[in-house]
Amino acid sequence: MLPFKDEIEQLRQNGITQVAFKRMHDPAVIPLWFGEGDVVTPDFICNASKKALDEGQTFYTHTRGRPELREALKVYLDRLYCLDIHPDRITVPGAAMLGVTIAAQMVLGRGDHGLIVSPVWPNIASVFRVTGAQVGYVRQQLTDNGWQLEVDEIISAVKPNTRAIFVNSPCNPTGWMMGAADQTRLLEYCREHGILIIADEVYHRTLFDAVAAPSFLNVAQDDDPLIVVNGFSKAWAMTGWRLGWVVTPKKHVVQWTALSECFNTGATVFAQMGAVAALEQGEPFVRQLQAQYRAGRDIVDQMLGGHPGVEYHSPAGAFYAFPSVHGLRDSLAFVEAILRETDVGLAPGYTFGPDNDSHFRLCFAQSHDRLKLGLERVVEFIEKNPGRF
Ligand SMILES: Cc1ncc(COP(=O)(O)O)c(C=O)c1O
(Lines give C-alpha, C1' and ligand atoms only; values in the text may rest on other atoms or scores of the structure.)
Protein backbone atom coordinates (compact mmCIF):
# COMPACT_ATOMS: atom_id res chain seq x y z
CA MET A 1 0.00 0.00 0.00
CA LEU A 2 1.31 3.45 -0.94
CA PRO A 3 2.11 5.76 1.98
CA PHE A 4 -0.52 8.42 1.26
CA LYS A 5 -0.47 11.73 3.07
CA ASP A 6 -2.64 11.50 6.21
CA GLU A 7 -5.18 13.94 4.78
CA ILE A 8 -5.65 11.75 1.70
CA GLU A 9 -5.74 8.54 3.70
CA GLN A 10 -8.66 9.93 5.69
CA LEU A 11 -10.54 11.27 2.68
CA ARG A 12 -13.90 9.60 1.96
CA GLN A 13 -16.14 9.69 -1.08
CA ASN A 14 -19.12 11.94 -0.32
CA GLY A 15 -22.46 10.46 0.67
CA ILE A 16 -24.22 11.69 -2.48
CA THR A 17 -22.04 9.85 -4.98
CA GLN A 18 -21.71 6.89 -2.61
CA VAL A 19 -25.45 6.31 -3.04
CA ALA A 20 -25.89 7.62 -6.60
CA PHE A 21 -23.02 5.78 -8.30
CA LYS A 22 -24.77 2.48 -7.53
CA ARG A 23 -27.57 3.30 -9.96
CA MET A 24 -26.59 6.45 -11.85
CA HIS A 25 -28.18 6.52 -15.34
CA ASP A 26 -30.59 3.69 -14.41
CA PRO A 27 -33.79 4.80 -16.23
CA ALA A 28 -35.94 3.21 -13.53
CA VAL A 29 -34.64 5.68 -10.93
CA ILE A 30 -36.10 9.15 -10.32
CA PRO A 31 -32.84 11.02 -9.64
CA LEU A 32 -33.34 13.70 -7.00
CA TRP A 33 -29.85 13.19 -5.57
CA PHE A 34 -27.66 15.58 -7.61
CA GLY A 35 -27.95 19.33 -7.93
CA GLU A 36 -29.29 19.44 -11.46
CA GLY A 37 -32.52 19.23 -13.41
CA ASP A 38 -33.38 17.39 -16.60
CA VAL A 39 -33.45 20.41 -18.94
CA VAL A 40 -30.78 20.11 -21.63
CA THR A 41 -28.53 23.16 -22.19
CA PRO A 42 -30.38 25.36 -24.73
CA ASP A 43 -29.44 25.41 -28.41
CA PHE A 44 -28.09 28.96 -28.53
CA ILE A 45 -25.38 27.96 -26.02
CA CYS A 46 -24.61 24.59 -27.65
CA ASN A 47 -24.49 26.21 -31.11
CA ALA A 48 -21.90 28.78 -30.01
CA SER A 49 -19.67 25.92 -28.84
CA LYS A 50 -20.31 23.90 -32.02
CA LYS A 51 -19.33 26.97 -34.06
CA ALA A 52 -16.11 27.32 -32.05
CA LEU A 53 -15.32 23.66 -32.81
CA ASP A 54 -16.12 24.12 -36.50
CA GLU A 55 -13.75 27.09 -36.55
CA GLY A 56 -10.98 24.91 -35.15
CA GLN A 57 -10.94 26.27 -31.61
CA THR A 58 -9.25 23.20 -30.18
CA PHE A 59 -5.95 24.69 -28.96
CA TYR A 60 -4.52 25.64 -25.57
CA THR A 61 -6.20 28.64 -24.02
CA HIS A 62 -5.17 31.33 -21.54
CA THR A 63 -4.91 29.84 -18.02
CA ARG A 64 -7.32 32.44 -16.71
CA GLY A 65 -9.83 32.11 -19.53
CA ARG A 66 -10.58 33.55 -22.99
CA PRO A 67 -10.54 37.36 -23.01
CA GLU A 68 -14.03 37.38 -24.63
CA LEU A 69 -15.42 35.36 -21.75
CA ARG A 70 -13.78 37.42 -19.02
CA GLU A 71 -15.08 40.57 -20.70
CA ALA A 72 -18.58 39.05 -20.98
CA LEU A 73 -18.44 38.16 -17.27
CA LYS A 74 -17.45 41.71 -16.43
CA VAL A 75 -20.44 43.03 -18.40
CA TYR A 76 -22.78 40.44 -16.83
CA LEU A 77 -21.69 41.33 -13.28
CA ASP A 78 -22.02 45.04 -14.04
CA ARG A 79 -25.52 44.51 -15.43
CA LEU A 80 -26.70 42.32 -12.56
CA TYR A 81 -25.06 44.02 -9.59
CA CYS A 82 -24.07 47.50 -10.91
CA LEU A 83 -20.40 46.74 -10.33
CA ASP A 84 -17.22 47.68 -12.09
CA ILE A 85 -15.00 44.59 -11.83
CA HIS A 86 -11.90 44.70 -14.00
CA PRO A 87 -11.67 41.55 -16.22
CA ASP A 88 -8.14 41.01 -14.87
CA ARG A 89 -9.72 40.06 -11.55
CA ILE A 90 -11.80 37.33 -13.22
CA THR A 91 -10.56 33.78 -13.87
CA VAL A 92 -12.43 30.91 -15.50
CA PRO A 93 -11.50 27.55 -13.94
CA GLY A 94 -12.90 24.23 -15.13
CA ALA A 95 -15.91 24.31 -12.74
CA ALA A 96 -16.72 26.24 -9.58
CA MET A 97 -15.47 23.20 -7.63
CA LEU A 98 -11.97 23.89 -8.88
CA GLY A 99 -12.34 27.54 -7.89
CA VAL A 100 -13.06 26.52 -4.29
CA THR A 101 -10.08 24.15 -4.34
CA ILE A 102 -7.66 26.83 -5.55
CA ALA A 103 -9.04 29.37 -3.06
CA ALA A 104 -8.57 26.96 -0.15
CA GLN A 105 -5.05 26.09 -1.29
CA MET A 106 -4.19 29.81 -1.38
CA VAL A 107 -4.44 30.21 2.40
CA LEU A 108 -4.94 26.92 4.27
CA GLY A 109 -2.32 24.42 5.40
CA ARG A 110 -1.39 22.25 8.35
CA GLY A 111 -1.83 24.09 11.65
CA ASP A 112 -4.54 26.35 10.22
CA HIS A 113 -8.26 26.29 10.89
CA GLY A 114 -10.86 26.62 8.13
CA LEU A 115 -14.38 27.52 9.22
CA ILE A 116 -17.39 26.36 7.22
CA VAL A 117 -20.99 27.53 7.49
CA SER A 118 -23.03 24.34 7.54
CA PRO A 119 -25.07 22.39 6.55
CA VAL A 120 -22.78 22.40 3.54
CA TRP A 121 -22.18 20.58 0.27
CA PRO A 122 -19.76 17.81 1.32
CA ASN A 123 -17.05 18.49 -1.27
CA ILE A 124 -16.20 21.75 0.49
CA ALA A 125 -15.15 20.06 3.73
CA SER A 126 -13.03 17.59 1.72
CA VAL A 127 -11.33 20.45 -0.11
CA PHE A 128 -10.50 22.10 3.22
CA ARG A 129 -9.25 18.81 4.73
CA VAL A 130 -6.96 18.06 1.80
CA THR A 131 -5.01 21.24 2.62
CA GLY A 132 -4.11 19.70 5.99
CA ALA A 133 -6.07 22.34 7.89
CA GLN A 134 -8.38 21.54 10.78
CA VAL A 135 -12.03 21.98 9.77
CA GLY A 136 -14.65 23.64 11.99
CA TYR A 137 -18.34 24.15 11.39
CA VAL A 138 -20.81 26.79 12.44
CA ARG A 139 -24.29 25.45 11.83
CA GLN A 140 -27.45 27.23 10.73
CA GLN A 141 -30.46 26.25 12.85
CA LEU A 142 -33.93 25.35 11.63
CA THR A 143 -36.37 27.72 13.38
CA ASP A 144 -40.04 28.60 12.82
CA ASN A 145 -38.75 31.23 10.40
CA GLY A 146 -36.61 28.81 8.42
CA TRP A 147 -32.85 28.27 8.56
CA GLN A 148 -31.14 31.04 10.52
CA LEU A 149 -27.59 32.02 11.44
CA GLU A 150 -26.42 35.21 13.14
CA VAL A 151 -23.11 36.71 12.01
CA ASP A 152 -22.08 36.84 15.68
CA GLU A 153 -22.26 33.06 15.78
CA ILE A 154 -19.86 32.84 12.84
CA ILE A 155 -17.49 35.31 14.50
CA SER A 156 -17.69 33.41 17.82
CA ALA A 157 -16.58 30.23 16.03
CA VAL A 158 -13.39 31.89 14.73
CA LYS A 159 -10.15 30.66 16.36
CA PRO A 160 -6.77 32.41 16.55
CA ASN A 161 -5.56 30.22 13.66
CA THR A 162 -8.65 30.60 11.42
CA ARG A 163 -7.45 31.58 7.95
CA ALA A 164 -10.58 31.06 5.84
CA ILE A 165 -14.35 31.15 6.25
CA PHE A 166 -16.55 29.44 3.67
CA VAL A 167 -20.02 30.86 3.08
CA ASN A 168 -22.39 29.44 0.47
CA SER A 169 -25.40 31.68 -0.11
CA PRO A 170 -28.00 30.73 -1.29
CA CYS A 171 -27.05 27.57 0.53
CA ASN A 172 -26.92 24.01 -0.71
CA PRO A 173 -28.72 22.20 0.97
CA THR A 174 -30.86 24.57 3.12
CA GLY A 175 -31.63 27.54 0.84
CA TRP A 176 -30.48 29.94 3.62
CA MET A 177 -29.28 33.32 2.34
CA MET A 178 -26.97 35.87 3.87
CA GLY A 179 -28.21 39.46 3.51
CA ALA A 180 -26.09 42.48 2.56
CA ALA A 181 -25.87 43.84 6.13
CA ASP A 182 -24.52 40.52 7.43
CA GLN A 183 -22.11 40.26 4.50
CA THR A 184 -20.81 43.75 5.28
CA ARG A 185 -20.33 42.93 8.97
CA LEU A 186 -18.52 39.63 8.29
CA LEU A 187 -16.29 41.24 5.69
CA GLU A 188 -15.37 44.06 8.08
CA TYR A 189 -14.41 41.49 10.71
CA CYS A 190 -12.36 39.44 8.23
CA ARG A 191 -10.63 42.55 6.86
CA GLU A 192 -9.60 43.47 10.39
CA HIS A 193 -8.40 39.96 11.27
CA GLY A 194 -6.78 38.92 7.98
CA ILE A 195 -9.20 36.05 7.27
CA LEU A 196 -10.18 35.09 3.72
CA ILE A 197 -13.89 34.77 2.93
CA ILE A 198 -14.55 32.16 0.27
CA ALA A 199 -18.01 33.13 -0.95
CA ASP A 200 -19.67 30.44 -3.03
CA GLU A 201 -22.40 32.13 -5.07
CA VAL A 202 -23.18 29.37 -7.58
CA TYR A 203 -26.90 29.66 -6.72
CA HIS A 204 -26.95 33.44 -7.22
CA ARG A 205 -29.72 33.11 -9.86
CA THR A 206 -31.52 30.18 -8.28
CA LEU A 207 -33.98 31.96 -5.99
CA PHE A 208 -37.68 32.72 -5.90
CA ASP A 209 -38.37 36.28 -4.81
CA ALA A 210 -35.65 38.33 -6.50
CA VAL A 211 -33.69 38.49 -9.75
CA ALA A 212 -30.36 37.67 -8.05
CA ALA A 213 -29.14 36.89 -4.53
CA PRO A 214 -27.07 39.46 -2.61
CA SER A 215 -23.42 39.18 -3.64
CA PHE A 216 -20.40 39.81 -1.41
CA LEU A 217 -19.02 41.74 -4.39
CA ASN A 218 -21.58 44.47 -3.75
CA VAL A 219 -20.25 45.20 -0.27
CA ALA A 220 -16.53 44.65 -0.93
CA GLN A 221 -13.63 46.89 -1.83
CA ASP A 222 -11.29 45.74 -4.61
CA ASP A 223 -8.58 44.43 -2.27
CA ASP A 224 -10.72 42.92 0.46
CA PRO A 225 -9.85 39.38 1.61
CA LEU A 226 -12.59 37.89 -0.53
CA ILE A 227 -12.72 35.28 -3.25
CA VAL A 228 -16.08 34.89 -4.92
CA VAL A 229 -16.66 31.57 -6.65
CA ASN A 230 -19.42 31.15 -9.19
CA GLY A 231 -20.20 29.02 -12.23
CA PHE A 232 -22.38 28.20 -15.20
CA SER A 233 -23.77 24.88 -13.94
CA LYS A 234 -26.91 25.97 -12.14
CA ALA A 235 -28.25 29.20 -13.68
CA TRP A 236 -27.84 28.10 -17.32
CA ALA A 237 -28.33 24.30 -16.96
CA MET A 238 -24.69 23.61 -17.87
CA THR A 239 -23.65 21.10 -15.18
CA GLY A 240 -21.82 18.83 -17.62
CA TRP A 241 -19.79 21.66 -19.15
CA ARG A 242 -17.50 22.02 -16.12
CA LEU A 243 -17.07 25.75 -16.24
CA GLY A 244 -16.84 28.22 -13.36
CA TRP A 245 -15.60 31.70 -12.67
CA VAL A 246 -13.84 33.37 -9.80
CA VAL A 247 -13.37 37.00 -8.78
CA THR A 248 -10.19 37.57 -6.79
CA PRO A 249 -8.82 40.71 -5.13
CA LYS A 250 -6.69 42.83 -7.47
CA LYS A 251 -3.54 42.17 -5.45
CA HIS A 252 -3.99 38.36 -5.59
CA VAL A 253 -4.32 38.00 -9.36
CA VAL A 254 -0.68 37.07 -10.01
CA GLN A 255 -0.59 34.37 -7.30
CA TRP A 256 -4.00 33.09 -8.35
CA THR A 257 -2.68 32.62 -11.88
CA ALA A 258 0.46 30.86 -10.65
CA LEU A 259 -1.57 28.51 -8.45
CA SER A 260 -4.14 27.90 -11.20
CA GLU A 261 -1.31 26.51 -13.32
CA CYS A 262 -0.94 23.71 -10.76
CA PHE A 263 -4.53 22.61 -11.12
CA ASN A 264 -5.94 23.72 -14.43
CA THR A 265 -4.04 25.24 -17.31
CA GLY A 266 -7.27 26.64 -18.71
CA ALA A 267 -10.89 25.55 -19.03
CA THR A 268 -12.11 23.76 -22.19
CA VAL A 269 -11.81 26.35 -24.93
CA PHE A 270 -14.96 25.66 -26.99
CA ALA A 271 -17.05 25.39 -23.81
CA GLN A 272 -15.96 28.93 -23.02
CA MET A 273 -17.53 30.21 -26.23
CA GLY A 274 -20.84 28.61 -25.23
CA ALA A 275 -20.51 30.42 -21.90
CA VAL A 276 -20.14 33.78 -23.71
CA ALA A 277 -23.46 33.07 -25.46
CA ALA A 278 -25.05 32.10 -22.12
CA LEU A 279 -24.05 35.44 -20.59
CA GLU A 280 -24.97 37.57 -23.59
CA GLN A 281 -28.25 35.94 -24.63
CA GLY A 282 -29.26 33.81 -21.66
CA GLU A 283 -31.35 36.11 -19.49
CA PRO A 284 -34.78 34.88 -20.71
CA PHE A 285 -33.64 31.29 -20.17
CA VAL A 286 -32.39 32.05 -16.65
CA ARG A 287 -35.81 33.58 -15.83
CA GLN A 288 -37.57 30.54 -17.32
CA LEU A 289 -35.55 28.21 -15.09
CA GLN A 290 -36.28 30.40 -12.08
CA ALA A 291 -40.02 30.02 -12.77
CA GLN A 292 -39.68 26.26 -13.18
CA TYR A 293 -37.75 25.92 -9.91
CA ARG A 294 -40.25 28.11 -8.08
CA ALA A 295 -43.05 25.81 -9.24
CA GLY A 296 -40.93 22.81 -8.18
CA ARG A 297 -40.51 24.36 -4.75
CA ASP A 298 -44.29 24.88 -4.53
CA ILE A 299 -44.84 21.18 -5.24
CA VAL A 300 -42.47 20.25 -2.40
CA ASP A 301 -44.21 22.77 -0.11
CA GLN A 302 -47.57 21.13 -0.84
CA MET A 303 -46.34 17.60 -0.27
CA LEU A 304 -43.95 18.05 2.68
CA GLY A 305 -45.13 21.27 4.32
CA GLY A 306 -47.14 20.43 7.43
CA HIS A 307 -46.60 16.68 7.03
CA PRO A 308 -46.55 15.20 10.56
CA GLY A 309 -43.64 12.88 9.76
CA VAL A 310 -41.15 15.59 8.80
CA GLU A 311 -39.88 19.00 9.76
CA TYR A 312 -39.57 21.04 6.60
CA HIS A 313 -39.22 24.72 5.85
CA SER A 314 -39.70 26.17 2.39
CA PRO A 315 -36.34 27.41 1.05
CA ALA A 316 -35.83 30.95 -0.27
CA GLY A 317 -33.07 29.97 -2.66
CA ALA A 318 -31.10 27.15 -4.32
CA PHE A 319 -33.20 24.18 -5.47
CA TYR A 320 -33.17 21.74 -2.59
CA ALA A 321 -35.42 20.58 0.21
CA PHE A 322 -33.56 19.49 3.34
CA PRO A 323 -36.25 18.06 5.63
CA SER A 324 -35.64 16.25 8.87
CA VAL A 325 -37.58 13.00 9.40
CA HIS A 326 -38.93 12.50 12.92
CA GLY A 327 -37.03 9.73 14.69
CA LEU A 328 -34.47 9.24 11.88
CA ARG A 329 -30.99 8.34 13.14
CA ASP A 330 -29.26 6.86 10.08
CA SER A 331 -29.76 8.96 6.94
CA LEU A 332 -27.55 6.72 4.79
CA ALA A 333 -29.53 3.53 5.57
CA PHE A 334 -32.73 5.54 5.01
CA VAL A 335 -31.87 6.81 1.51
CA GLU A 336 -30.36 3.47 0.50
CA ALA A 337 -33.62 1.74 1.44
CA ILE A 338 -35.68 4.35 -0.44
CA LEU A 339 -33.54 3.76 -3.51
CA ARG A 340 -33.83 -0.04 -3.22
CA GLU A 341 -37.53 -0.17 -2.40
CA THR A 342 -38.98 2.80 -4.34
CA ASP A 343 -36.44 3.70 -7.06
CA VAL A 344 -36.09 7.30 -5.86
CA GLY A 345 -32.58 8.75 -5.54
CA LEU A 346 -32.00 11.05 -2.53
CA ALA A 347 -28.88 12.35 -0.77
CA PRO A 348 -28.24 11.35 2.89
CA GLY A 349 -28.18 14.20 5.42
CA TYR A 350 -25.05 13.01 7.27
CA THR A 351 -22.82 14.04 4.38
CA PHE A 352 -23.72 17.74 4.77
CA GLY A 353 -21.73 18.17 8.00
CA PRO A 354 -22.31 17.31 11.68
CA ASP A 355 -25.80 16.94 13.19
CA ASN A 356 -27.60 16.28 9.93
CA ASP A 357 -28.26 12.55 10.25
CA SER A 358 -32.02 13.00 10.65
CA HIS A 359 -32.16 14.86 7.31
CA PHE A 360 -32.23 13.96 3.64
CA ARG A 361 -31.78 16.25 0.65
CA LEU A 362 -33.80 16.22 -2.51
CA CYS A 363 -33.31 18.43 -5.54
CA PHE A 364 -36.56 19.81 -6.98
CA ALA A 365 -35.08 20.91 -10.32
CA GLN A 366 -36.44 17.84 -12.14
CA SER A 367 -39.50 18.13 -14.37
CA HIS A 368 -42.66 18.29 -12.34
CA ASP A 369 -44.22 14.92 -13.20
CA ARG A 370 -41.11 13.07 -12.08
CA LEU A 371 -40.75 15.29 -9.03
CA LYS A 372 -44.35 14.63 -7.94
CA LEU A 373 -44.02 10.89 -8.46
CA GLY A 374 -40.73 10.83 -6.55
CA LEU A 375 -42.19 12.83 -3.68
CA GLU A 376 -45.28 10.59 -3.49
CA ARG A 377 -43.04 7.57 -3.10
CA VAL A 378 -40.86 9.26 -0.47
CA VAL A 379 -43.88 10.39 1.56
CA GLU A 380 -45.44 6.92 1.39
CA PHE A 381 -42.15 5.35 2.46
CA ILE A 382 -41.87 7.68 5.47
CA GLU A 383 -45.44 6.94 6.50
CA LYS A 384 -44.98 3.17 6.24
CA ASN A 385 -41.61 3.04 8.02
CA PRO A 386 -41.73 5.12 11.21
CA GLY A 387 -38.70 4.50 13.44
CA ARG A 388 -37.15 1.92 11.09
CA PHE A 389 -33.82 3.74 10.63
C1 LIG B 1 -22.38 24.92 -3.11
C2 LIG B 1 -21.79 24.42 -4.37
N3 LIG B 1 -20.62 24.90 -4.79
C4 LIG B 1 -20.04 24.47 -5.93
C5 LIG B 1 -20.67 23.52 -6.70
C6 LIG B 1 -19.97 23.03 -7.94
O7 LIG B 1 -20.32 23.67 -9.08
P8 LIG B 1 -19.63 23.20 -10.47
O9 LIG B 1 -20.63 22.35 -11.16
O10 LIG B 1 -19.35 24.46 -11.20
O11 LIG B 1 -18.39 22.49 -10.08
C12 LIG B 1 -21.87 22.97 -6.30
C13 LIG B 1 -22.51 21.90 -7.09
O14 LIG B 1 -23.47 21.29 -6.71
C15 LIG B 1 -22.46 23.44 -5.11
O16 LIG B 1 -23.62 22.95 -4.69
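Colleague: How far apart are the closest N and O atoms in the salt bridge that lysine 74 forms with aspartate 78?
Modeller: The model is a predicted one. Lysine 74 and aspartate 78 both belong to helix H4, which covers residues 67-81, and they sit 4 residues apart, about one turn of the helix. In their salt bridge the closest N and O atoms are separated by 3.0 Å.

Colleague: Which of the words buried, partly exposed or exposed applies to aspartate 78?
Modeller: Its partner lysine 74 has a relative accessibility of 13% and counts as buried. The boundary for that word is 20% relative accessible area, and exposed requires over 50%. Aspartate 78 has a relative accessibility of 22%, so the word that applies is partly exposed.

Colleague: Which residues are joined into one network by salt bridges that share partners?
Modeller: One of the bridges to consider is that of arginine 23 with aspartate 26, where the closest N and O atoms are 3.0 Å apart. Arginine 23 is partly exposed at 21% relative accessible area, and aspartate 26 is partly exposed at 26%. Through shared partners, the network is made up of Arg23, Asp26 and Asp343.

Colleague: How many residues apart in sequence are the parts that the pair of glutamate 7 and arginine 110 ties together?
Modeller: The side chains of glutamate 7 and arginine 110 meet in a salt bridge, with an N to O distance of 2.7 Å. Glutamate 7 is part of helix H1 (residues 6-9), whereas arginine 110 is in the loop between helix H5 (96-107) and strand S3 (113-118). The pair therefore ties together parts whose separation in sequence is 103 residues.

Colleague: Is arginine 110 buried or exposed?
Modeller: Glutamate 7, on the other side of the bridge, counts as buried at 12% relative accessibility. For the word exposed, the relative accessible area must be over 50%. Arginine 110 has a value of 59%, so it is exposed.

Colleague: How many salt bridges does a search of the whole structure find?
Modeller: The bridges discussed above include that of lysine 74 with aspartate 78 and that of glutamate 7 with arginine 110. A search of the whole structure gives a total of 20.

Colleague: What is the angle between the planes of phenylalanine 232 and tryptophan 236?
Modeller: The structure holds 18 aromatic pairs. One of them joins phenylalanine 232 and tryptophan 236, with 5.3 Å from centre to centre. Both of these residues are buried. The pair is classed as tilted, and the angle between its planes is 45°.

Colleague: Which residues do ring pairs link into a cluster?
Modeller: Phenylalanine 232 and tryptophan 236 form an aromatic pair, and both also appear in a cluster of rings. The complete cluster consists of Tyr76, Phe232, Trp236 and Trp245.

Colleague: How is the aromatic pair of phenylalanine 319 and tyrosine 320 classed?
Modeller: Phenylalanine 319 is buried at 1% relative accessible area, and tyrosine 320 is buried at 1% as well. Their ring centres lie 5.0 Å apart. The planes meet at 70°, and an angle over 60 degrees is what the class requires. The pair is edge-to-face.

Colleague: What percentage of the accessible area that the ligand has on its own does the protein cover?
Modeller: The residues around the ligand include Ala96, Met97, Trp121, Asp200, Tyr203 and Arg242. Backbone N or O atoms of alanine 96 and methionine 97 lie 2.8 Å and 3.1 Å from an oxygen atom of the ligand, respectively, and a polar side-chain atom of tyrosine 203 lies 2.7 Å from an oxygen atom of the ligand. Of the 400 Å² of accessible area that the ligand has on its own, the protein covers 94%.

Colleague: What is the radius of gyration of the protein chain?
Modeller: The secondary structure of the chain comes to 13 helices and 16 strands. Buried residues account for 58% of its 389 residues. The globule rule gives 21 Å for this length, and the value for the chain is close to it, so the chain is as compact as a globular protein of that length. The radius of gyration is 20 Å.

Conventions: Residues numbered from 1 in each chain as written. Predicted model: local features only at pLDDT ≥ 70, side-chain atom pairs only at ≥ 80, totals over all residues. Heavy atoms only, no water. Phe/Tyr/Trp six-rings, centres within 6.5 Å; stacked < 30°, edge-to-face > 60°. Buried < 20%, exposed > 50% of the residue type's maximum accessible area, 1.4 Å probe, protein only. Salt bridge = Lys/Arg side-chain N within 4 Å of Asp/Glu carboxyl O. Helix = DSSP H or I, 4+ residues; strand = E, 2+ residues; numbered from the N terminus. Near = heavy atom within 4 Å. Polar contact = N/O pair within 3.5 Å; in protein donor to acceptor, adjacent residues only side chain to side chain. Areas by Shrake-Rupley, 256 points an atom, 1.4 Å probe, with all protein chains shown as cover. Rg over C-alpha atoms; globule rule 2.2 N^0.38 Å.
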